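Reader: I would like to go through the nonpolar parts of this model with you, both inside and on the surface. Could we begin with the interior?

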Amino acid sequence: LSLLPMSPAPVDSHAGRQGDSILQVWRRPGVPRFLLVVGLLQGSHAFYYGFSALYWQQQGYSTTVIGYLWGLGVVAEIVVLAMNKRWFERFNARQLLLAGAACALLRWGLLGSTTTLGWLMFAQLLHAGSFCLSHLGAIRYISRDLDGEAVFGAQALYAAFAMGLTVALLLVLSGQLYPLLGGQTFWLMALAVLPTFWLLRCSLNPHSQEA
């Protein structure tokens with residue numbers, strides 16, 4: 001369907017525009033640190049994505065309840081995205097990423113500590129922070145802290161590294177550890193989040209006056 005002509009055809013307001021190469025974007029000050037931060041934050045979701053349903057089922061929860069738990073996380077994410085301009089427009093990338101890191105640390109700690117339904121529901125609501133605020137922080141950095149020439153390459157690097165490679169690597173690691181640690185593997189995901197607080201001790205934008 002994507003090969004079919006569109007009517008009316010879209011108008012490209014940046015016809016002929018060339019952005020920096022991925023390598024040029026990678027070499028920009030702050031970008032490698034940004035990618036490491038978002039890689040750790042998004043990668044920390046690997047065990048949840050791959051094994052939470054299996055773990056909860058082994059703890060006696062039905063597939064129906066597990067489905068509702070996953071749905072609760074998605075609803076929380078949708079609410080944050082829908083209210084982005086009203087609630088989060090004034091926050092910069094670093095603040096959003098720090099908030100996402102705090103939510104992730106709390107979430108993985110809870111999921112590693114208990115399987116009580118009430119706490120599981122609360123932990124799923126934290127998906128709004130662990131994933132969504134982290135994602136908003138990444139997009140805020142790409143769209144506001146980088147100039148137009150770097151946006152394309154930065155978006156590609158974010159998608160490939162943070163949303164792809166680190167999740168894949170930590171998912172493989174989770175698969176090796178789950179038979180040994182079970183739900184305690186969530187604690188290792190929390191451990192992956194900890195370095196982000198140090199990495200975010202100062203602004204990701206070297207030209208910013210942000211404290």
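**Nonpolar core and surface patch**

Reader: Which residues have the most contacts inside the largest nonpolar core?

Author: The model is a predicted one, and its largest nonpolar core has 44 residues. Those with the most contacts inside this core are Phe-34, Trp-56, Trp-108 and Tyr-141.

Reader: Which helix gives the most residues to this core?

Author: Two or more residues come from each of the helices H2 (31-43), H3 (46-58), H4 (63-82), H6 (93-113), H7 (117-125), H8 (127-145), H9 (148-181) and H10 (185-199). The helix that gives the most, with eight residues, is H6.

Reader: How many residues are in the other core?

Author: Apart from the largest core lies another one, which includes Ala-76, Ala-128, Leu-133 and Leu-136. The number of residues in this other core is nine.

Reader: Which element gives the most to the nonpolar patch on the surface?

Author: The patch is formed by Leu-180, Leu-181, Leu-188, Leu-191, Leu-194 and Phe-197, which together have about 540 Å² of accessible area. The elements that give it two or more residues are H9 and H10. With four residues, the element that gives the most is H10.

Reader: Is Leu-180 buried or exposed?

Author: Leu-180 is found in helix H9 and is one of the residues that form the nonpolar patch. Its relative accessible area is 70%, and the cut-off for the upper class is over 50%. Leu-180 is therefore exposed.

Note on methods. Residues are numbered from 1 along each chain as its sequence is written. This is a predicted model: local features need pLDDT of at least 70, side-chain atom pairs count only at pLDDT 80 or more; totals for chains, interfaces and linings use all residues. Side-chain values use heavy atoms; hydrogens and water are left out. A nonpolar core is a set of buried Ala, Val, Leu, Ile, Met, Phe, Trp, Tyr and Cys residues joined through side-chain atoms within 4.5 Å. Buried means under 20% relative accessible area, exposed over 50%, partly exposed in between (1.4 Å probe, protein chains only). Patches are made of residues with over 30% relative accessible area and no salt bridge: like charges are joined within 9 Å, nonpolar side chains (Val, Leu, Ile, Met, Phe, Trp, Tyr) within 5 Å. Accessible areas come from the Shrake-Rupley method with a 1.4 Å probe; for residues, only the protein chains shown count as cover. A salt bridge is a side-chain nitrogen of Lys or Arg within 4 Å of a carboxyl oxygen of Asp or Glu.
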